[in-house]
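Q: I have a model with a ligand in it. How should I read its features?
A: Let us look at it first, then take the features in turn.

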Amino acid sequence: MSYYQVGSLEQYFKHYNKSLREPRKFWDRIADENFTWYQKWDKVVEFDMQEAEVKWFLNAKVNITKNCIDRHLAKRGDKTAILFEPNNPEEEAQHITYNQLYDRVCKMANVLRDQGIQKGDRVCIYLPMIPELAIAVLACARIGAIHSVVFAGFSASAVASRVNDSGCKMVITADGGFRGSKTIDLKGIIDEALEKCDTVENVLVVKRTNTTINMKEGRDKWLQPLLEEAQPNNVAEIMDAEDPLFILYTSGSTGKPKGMLHTTAGYMVYSAYTFKNVFAYQENDVYWCTADIGWITGHSYILYGPLLNGATTVLFEGVPSYPDFGRFWEVVDKHKVTQFYTAPTAIRALAKENWEWVNKYDLSSLKVLGSVGEPINEEAWHWYNDHVGKKKSPIVDTWWQTETGGIMISPLPFITPTKPTYATLPLPGVQPVLMDDKRNEIEGNQVVGSLCIKFPWPGMARTIWGDHQRFKETYFTAFPGKYFTGDGALRDEVGYYRITGRVDDVVIVSGHNLGTAPIEDAINEHPAVAESAIVGFPHDVKGNALYGFIILKETGEGRDRDNLMKEINEHVSSHIGPIAKLDKIQFVSGLPKTRSGKIMRRILRKIAEGDYSNFGDISTLLNPEIVEEIKEGKL
Ligand code: WTA
């Protein structure tokens, strides 16, 4: 196992260098020593980064759930695998052991098979953060169905477009979901979504809130009675290393969300290896990641990574502010959490509250703190370090993406000296490079550029579902032969990386990636709107918030502006989801455009930020006079 876990800084450099010199040998050994295979690979990796074709562990046969569950049963059968902490602190927590998880996943897998789901079918999972979500995901993986988890905060039309894009045959949902003091009508949203989908044959419904719902005859079934009738054991499907494991949608800079496709063996090896090292997980630790399983962080670091390592992973249904701002810390205290992984937006929201909320609880169990999803600002970093970690728990600022499958750049706790706002060093096996505008690699330190990865790693997405061309164009053409992350970064004097943010048209709001194009599309559908442009601007809590510049049609001109703003935001909410609401809306008579008709967003971004110092070259603008006008009308 020692090769699997890095033990010192010296060893980190040793492993890192080995992974550079002999990447095949490096991954071969990790995959070989730490997993159960039906059959090993003929070749470790085969790739063509020009064509965006990558394969790992060729011809190996494996099932990820055998590795997540079955192989732990002998040693850890009675150990808690999933520790479920409900939204309401009065409701008792559930400790689901590895034995129980095995039973529940097998039964669920049998239900899926009984309902006609076969290897390769797509299943949409639209569930709140309850044990059934984890079980449904694992049950799909067990029978080789491709899960597509859609975050249960997305609107009906967002669900419909995702279900249609991947042609899901089944939806698994719940009557409703609890979120803080609210109850969300999940089944109602699914009913509305499915009016626009014709591939879905069955909808399985988990009972959670006891909300009265409609059950469509012949399509909808309660899950519980099916589970009660299901056979207890399930023979896992034998999967090829490159068989698809899941699709997860992420925003793109053009309208349609991208269904990132992850495959089986590479993702398994990578999520397991990175979890073990980045969180320094030890056998009796209680690990908690506060993300939702609807995002990649939840896939890799609530479910797969921890379970592959036989860990105890907390599944939290609630929100940090309910019933009060001490909830996170109450849960840490109650379950003696040792690793705590959250997002800067949550840290900033909690840091705004009285720090007595933190001091009320005993946080001495904590060993490692993690951050993910967006750059963590210095103030939030210090608050996290001082008040939560009491300056004794290292912060791992983990940089990665839906596309990368697992953490790419991060300190290793107790090994890599941390530096506020820096993700520090690449993990073994990861080869980051900074590129300049002329597509040259920038050598040396104290430099900034576009962050690319120049060698494949096992966890990387293999394609965009149904659109390999778009995959290639989005990630492999800006810098031919390299994977382009869409992020800018700087490398300091010792080689530490700091991620400076997106260089494309994606804005990260409260840790959620939002493509500006789909939001603009939604706004433009409003009958009073002619055209719009969305940019991000800095926000105390959310990191970024959305600022919309909107041109009205003549018919909209006479309307009450406050009402219009409300309507537009409701429109965005119902098309994309409440997270995409605009914080500011400015009505303008034109947008700065280049001669080729492209909106010059960097100018709008500067105006939204209130920075008028240097607009750069605006000589290519068709209508430079509009810049002054927008500036004057700024909110
Ligand atoms: C940003 C989340 C700075 C980045 C796992 C990336 C970060 C995007 C960090 C991916 C970090 C994520 N520091 N920026 N530690 N982690 N990002 O796909 O812009 O939801 O490209 O994956 O989040 O977001 P995604």
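The dialogue below goes from the ligand to a helix, an annotated span and some backbone details.

Q: What kind of model is this?
A: It is a predicted model.

Q: Which residues come nearest to the ligand?
A: Start with the shell, meaning residues with a heavy atom within 4 Å of the ligand. Here 17 residues lie around the ligand, and D397, T398, T402, D487 and R502 come nearest.

Q: How does the shell divide into nonpolar, polar and charged residues?
A: Seven are nonpolar, six polar and four charged.

Q: Which polar side-chain atoms lie within reach of an oxygen atom of the ligand, taking Q401, R502 and N513?
A: The idea is to look for N or O pairs within 3.5 Å. R502 has a polar side-chain atom 2.7 Å from a ligand oxygen. For Q401 the distance from such an atom to a ligand oxygen is 2.9 Å. For N513 it is 3.3 Å.

Q: How much of the ligand's accessible area does the protein cover?
A: On its own, the ligand has 530 Å² of accessible area, and the protein covers 96% of that.

Q: Which elements give two or more residues to the shell?
A: They are α11 (296–308), β20 (395–398) and β26 (497–502).

Q: Is helix α13 mostly covered or mostly open?
A: Count the residues under 20% relative accessible area. In α13 (residues 344–351), six of eight are buried, so the helix is mostly covered. The buried ones are P344, T345, A346, I347, R348 and L350.

Q: What do the buried residues of α13 pack against?
A: Their partners are α12 (327–335), β18 (339–342), β19 (368–372), α15 (378–388) and β30 (543–552).

Q: Which annotation covers residues 12–68?
A: An unreviewed UniProt entry gives "domain: Acetyl-coenzyme A synthetase N-terminal" for that span. In the model, the span is 47% helix and 25% strand, with its end C-alpha atoms 26 Å apart.

Q: Why does N67 count as buried?
A: N67 counts as buried because its relative accessibility is 0%. The residue lies in helix α3 (residues 64–68). Beyond its neighbours within four places in sequence, N67 is in contact with F35, T36, V62, H72, M268, L307 and L308.

Q: Where does the backbone deserve a second look?
A: Check omega and phi. A cis peptide bond joins Y322 and P323, with omega about -5°. P323 sits in the loop between β17 (312–316) and α12. F57, in strand β2 (residues 53–58), has a positive phi near 55°. T424 is not a glycine either, yet has a positive phi of about 65°. T424 lies in the loop between β20 and β21 (432–435).

Q: Are F57 and T424 buried or exposed?
A: F57 is buried, at 0% relative accessible area. T424 is also buried, at 0% relative accessibility.

Notes
Residues are numbered from 1 along each chain as its sequence is written. This is a predicted model: local features need pLDDT of at least 70, side-chain atom pairs count only at pLDDT 80 or more; totals for chains, interfaces and linings use all residues. Side-chain values use heavy atoms; hydrogens and water are left out. A polar contact is a pair of N or O atoms within 3.5 Å; within protein, one must be able to donate a hydrogen and the other to accept it, and residues adjacent in sequence count only if both atoms are side-chain atoms. Accessible areas come from the Shrake-Rupley method with a 1.4 Å probe; for residues, only the protein chains shown count as cover. Helices (H or I, at least four residues) and strands (E, at least two) are DSSP runs, numbered from the N terminus. Ala, Val, Leu, Ile, Met, Phe, Trp, Tyr, Cys and Pro count as nonpolar, Asp, Glu, Lys and Arg as charged, and the others, Gly among them, as polar. Buried means under 20% relative accessible area, exposed over 50%, partly exposed in between (1.4 Å probe, protein chains only). Contact means heavy atoms within 4.5 Å. UniProt positions are given in the numbering used here, feature names are shortened, and annotations may be inferred rather than shown by experiment.
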